[in-house]
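Biologist: I have a chain open here and would like to talk it through with you. Could you start with a contact list and then work outwards?

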Amino acid sequence: QVQLVESGGGLVQTGESLRLSCAGSGRTPFAYYRVAWFRQVPGKEREFVACIVPSGMDTFYADSAKGRFAISRDNAKSTVFLEIDGLKPEDTAVYSCAARPRPVDDCSTRTGDYDYWGQGTQVAVSS
């Protein structure tokens, strides 16, 4: 299995940018894992944000994330990143990364398709 730890969140002002990190550790090489970012606010369902395939050669984004969000990975460092530009108050949420080992290079937008989750990192955007 893999342990995931997110970092990089914080309190920022509208228009600023953040670079979130998801660091993995465990026996299985990180390059075997499909990794996605989700976000959640109180009273709402967890929302898919972005996904990156194990090799890093393809990515997928929610419609709400296209244009301002960029997911990437460095398998040598066992880390996946999420860059968010032009932050808005509606981006305020707990951002979590999730992973599942895959024998093929694919992605999923569904919460149930991931086995391992980090504790999340808080992003708060003030107006």
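Modeller: Let me begin with Arg68, which, once neighbours within four places in sequence are set aside, is in contact with Glu83, Ile84, Asp85, Gly86, Leu87, Lys88 and Asp91. Please keep in mind that this is a predicted model.

Biologist: Where does Arg68 sit in the chain?

Modeller: Arg68 belongs to the loop that connects strand 6, residues 59-61, with strand 7, residues 69-74.

Biologist: And is Arg68 buried or exposed?

Modeller: Arg68 counts as buried, because its relative accessibility is 19% and the cut-off for buried is under 20%.

Biologist: Which side chain does the Arg68 side chain pair with in a polar contact?

Modeller: The partner is Asp91, whose side chain is joined to that of Arg68 by a polar contact of 2.9 Å, and Asp91 is also one of the residues in the contact list of Arg68.

Biologist: Changing topic, what is odd about the phi of Ser78?

Modeller: Ser78 has a positive phi, about 55°, although it is not a glycine. Most residues other than glycine have a negative phi, which is why such a value catches the eye. Ser78 is located in the loop between strand 7 and strand 8, the latter covering residues 79-84, and with a relative accessible area of 21% Ser78 is partly exposed.

Biologist: Let's zoom out. How many helices and strands does the chain have?

Modeller: The protein chain has zero helices and eleven strands, so its radius of gyration is worth setting beside a rule for globules: the value is 14 Å, close to the 14 Å that the globule rule gives for 127 residues, and the chain is therefore as compact as a globular protein of that length. Along the principal axes, the C-alpha trace spans about 45 × 25 × 25 Å.

Biologist: What share of the residues is buried, and what about contacts over long sequence separations?

Modeller: Buried residues make up 40% of the 127 residues, and among the contacts with a separation of 6 or more, 59% are between residues 24 or more positions apart.

Biologist: What does the surface look like in terms of area and charge?

Modeller: The chain exposes about 6,600 Å², of which carbon and sulfur atoms supply 48%, while the mean positions of its 14 positive and 15 negative charges are 4 Å apart.

Biologist: Back to single residues, then. What does the side chain of Glu6 reach?

Modeller: The Glu6 side chain reaches the backbone nitrogen of Gln119 at 3.1 Å, and a polar atom of that side chain also lies 2.8 Å from the backbone nitrogen of Gly120. Glu6 is part of strand 1, residues 2-7, and is buried, with a relative accessible area of 9%.

Biologist: Which other residues does Glu6 touch?

Modeller: Not counting residues up to four places away in sequence, Glu6 touches a set that includes Ser21, Cys22, Trp37, Tyr95 and Cys97, as well as Gln119 and Gly120. For Trp37, which is 31 residues from Glu6 in sequence, the C-alpha to C-alpha distance is 10 Å.

Biologist: And what of Leu4, buried or exposed?

Modeller: Leu4, also placed in strand 1, counts as buried at 7% relative accessibility. With residues up to four places away left out, Leu4 touches Cys22, Phe30, Cys97, Tyr116 and Trp117, among others. The C-alpha atoms of Leu4 and Asp113, by contrast, are separated by 16 Å, and these two residues are 109 apart along the chain.

Note on methods: Residues numbered from 1 in each chain as written. Predicted model: local features only at pLDDT ≥ 70, side-chain atom pairs only at ≥ 80, totals over all residues. Heavy atoms only, no water. Helix = DSSP H or I, 4+ residues; strand = E, 2+ residues; numbered from the N terminus. Rg over C-alpha atoms; globule rule 2.2 N^0.38 Å. Buried < 20%, exposed > 50% of the residue type's maximum accessible area, 1.4 Å probe, protein only. Contact = heavy atoms within 4.5 Å. Areas by Shrake-Rupley, 256 points an atom, 1.4 Å probe, with all protein chains shown as cover. Lys, Arg positive; Asp, Glu negative; His and termini not counted. Charge placed at Lys NZ, Arg CZ, Asp CG, Glu CD. Polar contact = N/O pair within 3.5 Å; in protein donor to acceptor, adjacent residues only side chain to side chain.
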